[in-house]
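Colleague: I should like to learn how to read a few features of a protein model. Please begin with the burial of a residue.

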Amino acid sequence: MAANVRKVDRGEAESDCPVQRNPDGTWQINGYSAGRAFLREHATVQAGLGIETVENFPEKIRRPVLYRDGKEHREHRKQTARFFTPRRVDESYRSVMERVADAQVALLRKGDAVQLADMSFQLAVDVTCAVIGLTESKPGIKRRLDRFFPEKFGSPGFTSLSGLYWTWRQLAGWSSIYFNDVRPAVRVRKADRRDDLISHLLDEGCSAAEILGECLTFAAAGMVTTREFIVMAAWHMFTDDDLRSQYLAADEPNRLLILHEVLRLEPVLGHLKRRTTNDIEVESVTVPAGSTVRIHIDHANLDTGVVGEEPLALCPGRTIGDGGSTTGLSFGEGAHKCPGSHVAMLESDIFLHKLFSLDKVRMVEPPRIAFKDEIAGYELRGMTVAAG
């Protein structure tokens with residue numbers, strides 16, 4: 001069997017059973033086909049990714065699209081799909097990606113070691129802001145967002161000093177991003193609509209609070225995850241000379257296939273959670289209504305019935321079975337499948353290709369790994385790179 005080349009240890013699957021009920025009454029899906037089928041079911045609602053925060057919203061405030069389901073959710077996705085098509089990404093956002101990537105890579109030409117997570121986050125911030133319409137921000141948006149999504153985050157609450165601190169910090173973060181980033185963009189688009197998400201939300205009659213919620217949701221989905229993936233992909237290439245040579249010699253479609261394979265092997269979010277609203281049959285097993293279900297993407301992406309032999313090896317261009325994807329379930333599936341997958345992969349490729357095309361680019365320090373158990377997600381900080 002080929003060696004396990006994963007940088008993040010996900011542990012062994014607890015069971016080969018594709019669908020199982022845990023002792024605590026929750027359910028777990030380990031198989032690829034089972035996970036894909038379940039995520040395509042309409043009789044489920046969000047049960048993770050901060051749902052407890054939006055459940056406390058006043059009823060009159062519409063939840064961000066990530067936390068909506070059913071007809072309303074499907075209609076919103078239908079109306080906003082045009083912002084994320086491959087053609088739109090190529091025609092409207094490629095120039096932004098190229099410009100920001102050039103600016104970040106230029107930092108390395110000065111000869112200093114640079115934090116790769118900072119570079120990738122600046123790229124992700126600028127690209128996502130272009131898609132959303134946050135283009136009138138006051139200086140410091142990267143710093144504000146970095147503070148809003150810290151490496152370590154406590155639990156807000158009102159029963160302890162720690163909880164009060166994190167509650168205050170969360171409210172301060174919302175306020176700062178609203179006044180410095182969201183409100184200026186809304187003001188401009190109220191007077192003159194643009195072809196972007198904020199203009200669309202205004203046309204739908206969204207309030208300022210609702211637009212803020214949507215912007216922060218897209219920030220988490222489009223900025224934070226892309227930052228982690230770029231560092232992860234770079235880490236693989238810095239430590240695998242053959243992979244790096246293959247990547248540099250390939251054209252864009254084949255470079256993207258290499259990145260797809262890295263993401264299949266190293267999903268940024270390892271678990272997704274849903275709650276069933278009706279009984280659902282998966283792999284001849286009935287999951288009752290009201291059940292909490294955790295889909296183990298990190299294990300499903302290793303399902304040999306779909307991804308073939310040696311699932312822990314990094315094999316770009318591997319043959320994928322019927323119903324499978326070259327990225328596995330890393331972008332989700334069904335109604336809540338990530339709409340920005342084309343954005344994330346193209347910006348990652350543009351940046352990484354420019355990075356590894358530099359003369360004598362090297363990793364000075366590897367990253368340290370932090371792990372968020374709730375989503376089985378990794379955070380990579382401390383990787384420093386230099387060139388020349």
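Modeller: Buried means under 20% relative accessible area, exposed over 50%, and partly exposed in between, with a 1.4 Å probe and protein chains only. This is a predicted model, in which local features need pLDDT of at least 70, side-chain atom pairs count only at pLDDT 80 or more, and totals for chains, interfaces and linings use all residues. Residues are numbered from 1 along each chain as its sequence is written, and side-chain values use heavy atoms, with hydrogens and water left out.

Colleague: Is His-260 buried or exposed?

Modeller: His-260 has a relative accessible area of 19% and is therefore buried. His-260 belongs to helix H11 (residues 252-265); helices (H or I, at least four residues) and strands (E, at least two) are DSSP runs numbered from the N terminus. Leaving aside residues up to four places away in sequence, His-260 touches Thr-326, Thr-327 and Met-345, where contact means heavy atoms within 4.5 Å.

Colleague: How does one read a sheet, and in what order do the three strands stand here?

Modeller: Strands of a sheet pair through backbone hydrogen bonds, either parallel or antiparallel. Here the order is E4-E12-E9, in an open sheet with antiparallel pairing; two strands pair if DSSP finds at least two bridges between them. E4 (114-115) and E9 (362-365) are at the edges with a single partner strand each, so one side of each lacks a neighbour in the sheet.

Colleague: How many bridges join E9 to E12?

Modeller: Three bridges join E9 to E12 (residues 384-386). Met-363 stands opposite Val-385 in E12.
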